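Hello,

Here is the structure we spoke about. My notes on what was found follow below it.

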Amino acid sequence: MSTTAHRTADANSPADAMPAPLNLWRDERPVPSWVQEVARGFDVDGLVDVIIGRCLGIAFPNHIGDDEFRAHLTASTRANAHCLRSVIAGDIALEDVYLEQVLSFATVQAQLRIPQKSMQRSYRVSFFTMWEAWTAFLRQVIVERDIDRDEAALAMQLLTQTILGYQDFVASQVAETYTRDYEALNRSRAHMRRNLVKEILRGEGNTLAVSDTAILSYDLSCRHIAVLLPTLAEGAATQLSVGMRAAVSCQHSLVYPLTLSSTVVWLGRIGEWKPAILEALDGVLREAGVVATLGGPSVGIDGFRESLEEAMAAERIRAAWGDSGAPAVVRHDDVGLEILLMREPDRARQFVERELGPLARDTVEAARLRETLEASFRFGSHVAAAEHLQLHEHTVRNRLHKVEELIGRPLAERRTELQVAARLVRLLPAIGQA
């Protein structure tokens, strides 16, 4: 729903160009004065939460996890719900309602290529929810005040007419704005590029026409690496891509927004992605202080898709780690084992519990012992592990003895299994509560 405001009396207001509300009913009487009076006490903000939940679940299910989209939707819905209350209360006439920021949410939806049928459905859901809440509110007042039956029926009729008239007035202007912005975006080079990327990611053909290649401005025959930036919007990602491209001396880069607040940047090189080059890329990302997950190097149009798929798989692992445990920059190759084993979370959980036993619990002591165990495996000696953990060698030795007591076997018997389980347990925090 689009943000609304009251129109001023200025004759030059843009609202004067807006279409007048349709007169769908001959009865032009306002709602009764007693309805206007009680309307001012209606809980609009409580209703907004219900509308947002329904709209996201029914009309915009793909954006449930997009906080920025939810913020736009919430601000727009709240403003519209408050304005409708003002109309019902008689504080402003319907013809004086001005959709001051109608472009904001309509443009957001156009940019995200949300189908118009989804946008229209969100309006039907929103206004049905409003009507449902307002009639229930009025019915309660009618009962409490013992309003005459005919007067109550008329009040319900006029309230419904007011809500439906407001819906038509608002939805018509939003649809017009959305269509205009959508068509303008379709004509823009940037949007044409986004559409091309979307088609490529869907696997629609493995070759591009010469004209499409010119629009894309990216060589799909390169060796690609997809850098997923889950918390960075397109503008900031575009700026960061300049530094990334310089650091790795790549010939091509392509920025593509996944949501309003997350972006992927493909970097394309003609030559190999050597370890030193990858380290330089990691350094740029760490210096920038951003969260990033990287797919592995892949060649050609299939590799273009594959690198993003790998980055997204790595991001799911990074997100499962949680803010406290995950490194800011994660490569797919670093978490390939976790990706493979977490395809069946229930089996992974059983494996961890079987291998680690009490060490899988979510306690400070278990976490300390797991950390010592991993350091011991990683560095290969008590001395090196102690130095890494900044502990005395005897402390490390005692902790490892404690680990053997808890798991009931020597560490050397199932070294590989214990290493894997210790990595997986970070992704399964609920084990600690079993």
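Why does Leu341 count as partly exposed? Its relative accessibility is 31%, and partly exposed covers values between 20% and 50%. Please keep in mind that this is a predicted model. Leu341 belongs to helix 12 (residues 336-341). With Leu337 and Leu340, Leu341 makes up a nonpolar patch on the surface, and together they have about 220 Å² of accessible area.

There is also a charged patch. Asp146, Asp148, Asp150 and Glu151 form a patch of negative charge on the surface. Asp148 sits in the loop between helix 5 (116-145) and helix 6 (149-187); Asp148 is partly exposed, because its relative accessibility is 48%.

On the interior: the largest nonpolar core has 56 residues, of which Phe69, Trp134 and Tyr166 touch the most other members. At least two residues each come from helix 1 (33-39), helix 2 (44-58), helix 3 (67-88), helix 4 (102-111), helix 5 and helix 6. Helix 6 contributes the most, 13 residues.

The salt bridges come to 16. Among them:

- Arg54 and Glu132 pair at 3.0 Å, N to O. This pair joins helix 2 to helix 5 across 78 residues of chain.
- Glu279 and Arg331 pair at 3.3 Å, N to O. The partners lie 52 residues apart, Glu279 in helix 10 (residues 275-288) and Arg331 in strand 8 (residues 329-331). Glu279 is partly exposed at 47%, whereas Arg331 is buried at 18%.
- Asp302 and Arg305 pair at 2.6 Å, N to O. They are three residues apart in helix 11 (residues 300-321), so about one helical turn separates them.

Finally, salt bridges link Glu355, Arg409, Arg414 and Glu417 in a network.

Regards

How values were computed: Residues are numbered from 1 along each chain as its sequence is written. This is a predicted model: local features need pLDDT of at least 70, side-chain atom pairs count only at pLDDT 80 or more; totals for chains, interfaces and linings use all residues. Side-chain values use heavy atoms; hydrogens and water are left out. Patches are made of residues with over 30% relative accessible area and no salt bridge: like charges are joined within 9 Å, nonpolar side chains (Val, Leu, Ile, Met, Phe, Trp, Tyr) within 5 Å. Accessible areas come from the Shrake-Rupley method with a 1.4 Å probe; for residues, only the protein chains shown count as cover. A salt bridge is a side-chain nitrogen of Lys or Arg within 4 Å of a carboxyl oxygen of Asp or Glu. Lys and Arg count as positive and Asp and Glu as negative; His and the chain ends are not counted. The place of a charge is taken as NZ of Lys, CZ of Arg, CG of Asp or CD of Glu. Helices (H or I, at least four residues) and strands (E, at least two) are DSSP runs, numbered from the N terminus. Buried means under 20% relative accessible area, exposed over 50%, partly exposed in between (1.4 Å probe, protein chains only). A nonpolar core is a set of buried Ala, Val, Leu, Ile, Met, Phe, Trp, Tyr and Cys residues joined through side-chain atoms within 4.5 Å.
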